[in-house]
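Biologist: I am new to this structure. Could you take me through it in short steps?

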Amino acid sequence: MSLIEYKNVSVTRQEQVILKDVSVTVEEKDFIFLLGKVGSGKSTFLKSLYCEAPITSGSAKVLDYDLSKIKSRHVPYLRRQMGIVFQDFQLLHDRSVEDNLMFVLKATSKCTKKEMHNRIEEVLKYVGMSTKGYRMPHELSGGEQQRVVIARALLNHPKILLADEPTGNLDAQMGEDLMNLFYKISQEGTAVIMSTHNMKWTEMFPARVMNCENGMLIECQEEQEQIVEETMSEEI
């Protein structure tokens with residue numbers, strides 16, 4: 001079963017069409033890189049998947065929800081099946097790591113308190129942060145904070161994980177460590193869609209590559225190497 005199925009979709013932001021004629025299908029275990037210049041529509045595409053950027057035409061289905069007809073009361077249920085990893089972390093700085101995760105579970109889960117604690121232990125162990133649950137966000141490095149954000153995104157066993165420039169603020173080694181973690185997540189069944197400017201990741205991790213350019217989202221196949229080279233030369 002397809003997790004995401006877009007056919008000739010147009011996406012708008014503030015009444016301006018950002019992407020048009022988008023057609024893409026995403027399955028379990030897919031790992032997709034989104035490439036493109038700043039402002040090309042990468043973040044808008046990601047936001048359209050969880051109904052923050054409206055679909056104005058075409059057919060858009062995500063996890064069996066029709067995004068052109070979805071009612072506002074159903075949006076939270078869609079989002080609970082997705083994990084979102086932000087570049088700027090968006091952690092609550094007045095709460096410990098465990099309390100950050102507990103805050104999310106209390107808002108989205110019907111589990112008992114014991115089950116919530118068990119789940120928090122599981123995700124922190126999974127991302128290599130099992131000994132840092134008592135820490136405050138400011139006591140963690142950037143890479144550690146991003147691991148907590150990934151743990152938060154995994155709390156509700158998401159079918160889709162969206163990551164918007166997740167390694168953009170990290171050094172090379174921290175970024176590579178996190179990329180290995182994202183890749184592991186996809187291999188275990190969760191589809192991962194990641195926007196990035198780091199061309200090295202597309203070389204190190206075999207994946208589907210899509211390019212945002214001129215209001216279009218195009219999957220790169222044979223032309224992938226040419227697009228990567230052009231993007232690198234533009235950034236230089």
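Biologist: Is Ser-10 buried or exposed?

Modeller: This is a predicted model. Ser-10 has a relative accessible area of 11%. Buried means under 20%. So Ser-10 counts as buried.

Biologist: Where does Ser-10 lie, and which residues is Ser-10 in contact with, leaving aside its neighbours within four places in sequence?

Modeller: Ser-10 belongs to strand S1. With neighbours within four places in sequence set aside, its contacts include Leu-19, Lys-20 and Asp-21. The others on the list are Pro-54, Ile-55, Thr-56 and Ser-57.

Biologist: Why does the pair of Tyr-6 and Phe-45 count as edge-to-face?

Modeller: The whole structure holds 5 aromatic pairs. In the pair of Tyr-6 and Phe-45, the ring centres are 5.7 Å apart and the planes stand at 75°. Planes over 60 degrees apart count as edge-to-face. So the angle that decides it is 75°.

Biologist: How many residues apart in sequence are the parts that Tyr-6 and Phe-45 tie together?

Modeller: Both Tyr-6 and Phe-45 are buried. Tyr-6 lies in strand S1 (residues 4-13) and Phe-45 in helix H1. The pair therefore ties together parts that are separated in sequence by 39 residues.

Biologist: How many of the 8 residues of helix H1 are buried?

Modeller: Helix H1 spans residues 42-49 and is mostly covered. Its buried residues are Lys-42, Thr-44, Phe-45, Leu-46, Ser-48 and Leu-49. Of the 8 residues, the buried count is 6.

Biologist: Which residue just after H1 takes a positive phi?

Modeller: The place to look is just after H1. A phi of about 70° occurs there. The residue is Cys-51.

Biologist: Which residues form one aromatic cluster?

Modeller: The cluster includes Phe-31, Phe-33 and Phe-205. Its other members are Tyr-183 and Trp-201.

Biologist: Which residue lies over the face of Tyr-126?

Modeller: Start with Tyr-77, where Arg-80 lies over the ring face at 4.9 Å from the centre. For Tyr-126, the distance from the ring centre is 4.4 Å. The residue over its face is Lys-184.

Biologist: Which parts does the salt bridge of Glu-144 and Lys-132 tie together, and how many residues apart in sequence are they?

Modeller: The structure has 6 salt bridges. In one of them, the side chains of Glu-144 and Lys-132 meet at 2.5 Å, N to O. Glu-144 lies in helix H5 (residues 142-154), and Lys-132 in the loop between helix H4 (113-126) and H5, so the parts tied together are apart in sequence by 12 residues.

Biologist: Are Glu-144 and Lys-132 buried or exposed?

Modeller: Buried means under 20% relative accessible area. Glu-144 falls in that class, and so does Lys-132. The term for both is buried.

Biologist: Which residue of the salt bridge between Asp-94 and Arg-95 counts as exposed?

Modeller: The two side chains meet at 3.7 Å, N to O. Arg-95 has a relative accessible area of 32%, so Arg-95 is partly exposed. At 61%, the exposed residue is Asp-94.

Biologist: Which residues do salt bridges with shared partners join into one network?

Modeller: Glu-219 and Arg-208 meet in a salt bridge of 2.8 Å, N to O. Glu-219 is in strand S10 (residues 216-220) and Arg-208 in strand S9 (residues 208-213), 11 residues apart. Shared partners make one network of Asp-30, Arg-208 and Glu-219.

Biologist: Why is strand S8 largely enclosed by the rest of the structure?

Modeller: On one side of S8, Ala-191, Ile-193 and Ser-195 are buried. On the other, Val-192 and Met-194 are buried. S8 (residues 191-195) is largely enclosed because its buried residues number 5 of the 5.

Biologist: What is the bridge partner of Asp-164 in S8?

Modeller: Strand S3 (residues 31-35) runs parallel to S8, joined by 4 bridges. Strand S7 (residues 160-164) also pairs with S8 in the parallel sense, over 5 bridges. In S8, Asp-164 has as its bridge partner Ser-195.

Biologist: What is the handedness of the crossover from S7 to S8?

Modeller: The chain leaves S7 and passes through helix H6 (residues 172-187) to reach S8. This makes a β-α-β crossover. Its handedness is right-handed.

Technical notes:
Residues numbered from 1 in each chain as written. Predicted model: local features only at pLDDT ≥ 70, side-chain atom pairs only at ≥ 80, totals over all residues. Heavy atoms only, no water. Buried < 20%, exposed > 50% of the residue type's maximum accessible area, 1.4 Å probe, protein only. Helix = DSSP H or I, 4+ residues; strand = E, 2+ residues; numbered from the N terminus. Salt bridge = Lys/Arg side-chain N within 4 Å of Asp/Glu carboxyl O. Phe/Tyr/Trp six-rings, centres within 6.5 Å; stacked < 30°, edge-to-face > 60°. Lys NZ or Arg CZ within 6 Å of the ring centre and 35° of its normal. Contact = heavy atoms within 4.5 Å. Pairing = 2+ DSSP bridges. Right-handed = clockwise from strand over helix to strand, strands pointing away.
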